[in-house]
Amino acid sequence: MTAQPEQLTPYERMGGAPFFADLVHRFYEGVAQDAPLRALYPEEDLGPAEDRLRMFLEQYWGGPTTYQQRRGHPRLRMRHVPYLIDDAQRDRWLAHMADGLSYAAQRHDLDPELYDQFWHYLVSAAHALVNSAPSP
Ligand code: HEM
């Protein structure tokens with residue numbers, strides 16, 4: 001029996017693992033080219049950071065809970081304390097996410113309502129993680 005759309009999780013309705021893989025991979029391609037933002041990421045290889053963000057987003061939207069199993073409670077605010085995030089860095093981060101989301105949305109024919117939900121979540125989460133005022 002085929003599941004009705006309302007029985008599916010947002011994760012499934014978005015396209016499952018391939019949707020999240022495309023989104024986050026495209027995002028990190030942008031980060032890699034963005035010197036000021038890239039400077040925040042401590043590891044030379046962005047691959048592990050890509051995996052963490054992908055697992056987190058999958059879990060948030062009702063997919064596998066691998067993030068929790070490997071990393072524990074997300075505590076995002078605390079985990080971002082080591083990185084100075086001002087409004088400008090937040091906006092750079094969001095610009096690459098906008099690019100990643102549009103890219104994955106096109107490839108997976110994302111429902112516009114889910115697109116809006118995803119985008120609003122990212123904007124509000126990113127605003128909540130700003131932890132530094134711009135330098136004078
Ligand atoms: C506001 C702009 C943001 C900046 C500049 C930023 C930057 C960073 C940096 C530098 C890391 C460390 C890379 C790593 O080792 O994984 C990181 C980790 C992470 N970020 Fe962000 N981030 C931002 C917003 C967000 C938002 C809005 C979310 C969630 C919606 C998020 C989710 C994560 C996750 C899940 C990790 C890995 C945490 C862990 O398990 O260690 N970030 N971020």
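Tutor: Before we begin, one term: two residues are in contact if their C-beta atoms, placed from the backbone, lie within 7 Å. Please also note that this is a predicted model.

Student: Which residues does V24 touch, not counting residues up to four places away in sequence?

Tutor: V24 touches E50, L53, R54, L57 and G100.

Student: And which residues touch the most other members of the largest nonpolar core?

Tutor: V24 is one of them, together with L23, F27 and L101; the core has 19 residues. Two or more residues come from each of α2 (17–32), α4 (47–60) and α7 (87–108).

Student: Which element gives the most to this core?

Tutor: That is α2, with 7 residues.

Student: Which residues in α2 are buried?

Tutor: The buried residues of α2 are F19, F20, D22, L23, V24, F27, Y28 and V31. What covers them includes α1 (10–14), α3 (35–38), α4 and α7.

Student: Why would nonpolar side chains be together?

Tutor: In soluble globular proteins, nonpolar side chains tend to be buried together.

Student: Changing topic, how many helices and strands does the protein have?

Tutor: The protein has 8 helices and 0 strands.

Student: How far does α2 reach from its first C-alpha to its last?

Tutor: With 16 residues, α2 reaches 22 Å, close to the 22 Å expected at 1.5 Å a residue.

Student: What about the whole protein: what does its C-alpha trace span along the principal axes?

Tutor: The trace spans about 60 × 30 × 25 Å. The radius of gyration is 15 Å, which agrees with the value near 14 Å for a compact globule of 136 residues.

Terms used
Residues are numbered from 1 along each chain as its sequence is written. This is a predicted model: local features need pLDDT of at least 70, side-chain atom pairs count only at pLDDT 80 or more; totals for chains, interfaces and linings use all residues. A nonpolar core is a set of buried Ala, Val, Leu, Ile, Met, Phe, Trp, Tyr and Cys residues joined through C-beta atoms within 7 Å. A residue is buried if 20 or more other C-beta atoms lie within 10 Å of its own, exposed if 12 or fewer, and partly exposed in between; C-beta atoms are placed from the backbone. Helices (H or I, at least four residues) and strands (E, at least two) are DSSP runs, numbered from the N terminus. The expected span of a helix is 1.5 Å times one less than its number of residues. The radius of gyration is taken over C-alpha atoms; the globule rule is 2.2 Å times the number of residues to the power 0.38.
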